[in-house]
Amino acid sequence: MLRTTWIAILLGFWSSLYLVDTFIKSSKRCGQQYVEAQERYGIQVSIGQVRWYTTCFNRLFLRLGQWKPRLIQMWFRMGAFVGVLLMFASVGLLVSTLVEASSKESPEQVLTPVMPGVNLPLRQITYFFSVLLISAVWHELGHAIAAVREQVRVNGFGMFIMAIYPGAFVDLHSDHLQAISPARQLRIYCAGIWHNLVLVALGIFVFYALPYLLSPLYITGAGVIITDVLKYSPVSGHRGLSAGSHVTSINGCPVYDTSDWSKCLGSAVFYPQPGFCMQLGKVQQYSKDVPLYRGYGGQIECCRNDSVSELCFFYEMGSEVGAPQKHYACLEARPLTDLPRCFKGSDCVQTRKTACLQPSLDNSSRLLRVYLTTGKPVLYVGDTYLFGYSLSVTNYIPRYRFLPLSLPDVIELFCKYLISFSGALAILNAIPCYALDGQYILKAFMEHTLASRISSTSDRNLIYSLILLFGTLLLGANLVLALFALVFSA
């Protein structure tokens, strides 16, 4: 989908929703009932945003905040310490990004805007929404529990969708919040960041421990399983590969996991194409007599175009008067690939008058022999990159037939999104910038550490405002840089 089409659909949806909401509210017939229903269920529609607010979780927050008081207090004290450290670290990361941008043409971005259909595949949009929503709710849950622990009333909880980004928020009693000490405020403000980092740690643990966690259900290290084959792929069909095919080697290169799969395909591209040793008498006996001609890739062909089982091979034979001469033979490919492999004529047993037959292919094509646990090996002739692109593989081999092939990969991809987005949310909120948690973390931290050293409130407020302005401009510069890179890299 084109980027302009995606933006047009998004603008059209939000414009239509806002116009319908405004029209119903202005209706004399049902406008009053509609407004009352929105207030009753806590729903609010505005330009580019839908919000939902409720108080039904307040008792849950109260119970969680009062559970194991000492443990909860230690938990959020640790969170305050980590949150302050991350505030300084986030500023350092953003400064280093700008410094790197001034010295390199394509610096690595710390913060990159994610836009479905632009730099995020639309087929993965469910991961995007679910991970963002989980990260946001878990973030706000941290604020709510910390607030209850510090005796600050939680008025309510809400969720929203702004443009294409889901989020959440908690409504805390502002008077209660301002009445407690800066140290207690710091524990509340840092709780969301701390929870996001815990979520990152959980995602990392599950990602690396997944082979052990799924070991009762899936086997690893015994090959790869094909999970999907692109439609109209040259490797599909009843003689080809399909979802569930268990691959153990390619051209004799053992495949134990997906990294071996990539290495073996790379070896097939960058190393010479192996041939096969065959006795010259059998070559002359089984070869089809077809006139030589040039193929589309410039290679010599000696088989008919309509042949699906035969392939043109060449071999070199010595000459009494000069250099070895090339000879061509059209042979059945499958029985030939069962013979011993070779790369030159001397690799074969010369006493039996054998030759090293190599497939006559263009520069981008290879003959691949894919070994499976069941059935005959699959032969593929064509571009190796197309072969790898048209197949999706996984390390996880189901122990039972009813288990889905894609479940482990779904969990792995979900963990990757969780680590990336929850970590980004923690870094973003730690930045001392207006409207982010970092704004309040900085204020509480300064009041906690500088009140005894700088007695003047106006002086502390001046320092606070300057740091906050610097953090806001720093974040803005990084976002502009990221958007610039996103637009011009497309």
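**Reading helices, sheets and loops**

Q: Is the crossing of α5 and α12 right-handed or left-handed?
A: The crossing of α5 and α12 is right-handed. Keep in mind as we go that this is a predicted model.

Q: What two things describe a pair of packed helices?
A: In general, two packed helices are described by the angle between their axes and the distance between the axes. Here, helix α5 (residues 125-149) and helix α12 (residues 407-430) have axes that come within 9 Å and cross at roughly 45 degrees. That angle makes α5 oblique to α12.

Q: Which residues of α5 and α12 meet?
A: From α5, the residues are Y127, F128, S130, V131, L132, I134, S135, A136 and H139; they meet V410, L413, F414, Y417, L418, F421, S422, L425 and N429 in α12. Sorted by class, this contact of α5 with α12 has 13 nonpolar residues, five polar ones and no charged ones.

Q: Let's try another pair. At what angle do the axes of α7 and α13 cross?
A: Helix α7 (residues 182-213) and helix α13 (residues 437-450) cross at roughly 155 degrees, and their axes come within 9 Å. Angles over 145 degrees count as roughly antiparallel, so that is how α7 and α13 lie to each other. Their crossing is left-handed.

Q: Which residues make the contact of α7 with α13, and how do they divide by class?
A: On the α7 side you can find P182, A183, Q185, L186, Y189, C190 and I193, which meet D437, Y440, I441, A444, F445, E447 and H448 in α13. These residues divide into ten nonpolar, two polar and two charged.

Q: Now the sheet. In what order do its four strands come?
A: The order is β1-β2-β3-β4, in an open sheet with antiparallel pairing. β1 (43-46) and β4 (165-172) stand at the edges with a single partner strand each, so one side of each has no neighbour in the sheet. On average, neighbouring strands are turned by 20 degrees against each other, direction ignored.

Q: How many bridges join β2 and β3, and which residue is the bridge partner of Y53?
A: Strand β2 (residues 49-54) pairs with strand β3 (residues 154-162) over six bridges, in the antiparallel sense. To see one bridge, look at Y53, whose partner in β3 is G158.

Q: What sign does phi have in most residues?
A: As a rule, most residues other than glycine have a negative phi. Q151 has a positive value, with phi near 65 degrees. A163 also has a positive phi, near 60 degrees.

Q: Where are Q151 and A163, and are they buried or exposed?
A: Q151 sits in the loop between α5 and β3, and at 65% relative accessibility Q151 counts as exposed. A163 sits in the loop between β3 and β4; at 30% relative accessibility, A163 counts as partly exposed.

Q: What can I learn from a single loop residue, and what does L405 touch?
A: Start with its place: L405 is in the loop between β19 (397-398) and α12. Its relative accessible area is 22%, which makes L405 partly exposed. Then look along the chain: L405 and T227 are 178 residues apart in sequence, yet their C-alpha atoms are separated by 6.0 Å. Leaving out residues up to four places away in sequence, L405 touches I225, I226, T227, A243, G244, T394 and P398.

Note on methods
Residues numbered from 1 in each chain as written. Predicted model: local features only at pLDDT ≥ 70, side-chain atom pairs only at ≥ 80, totals over all residues. Heavy atoms only, no water. Pairing = 2+ DSSP bridges. Helix = DSSP H or I, 4+ residues; strand = E, 2+ residues; numbered from the N terminus. Axes fitted to C-alpha atoms, helices over the stretch in contact; angles between N-to-C directions. Parallel < 35°, antiparallel > 145°, perpendicular 65-115°, else oblique. Left-handed = near helix turned anticlockwise from the far one by under 90°. Contact = heavy atoms within 4.5 Å. Nonpolar A, V, L, I, M, F, W, Y, C, P; charged D, E, K, R; others polar. Buried < 20%, exposed > 50% of the residue type's maximum accessible area, 1.4 Å probe, protein only.
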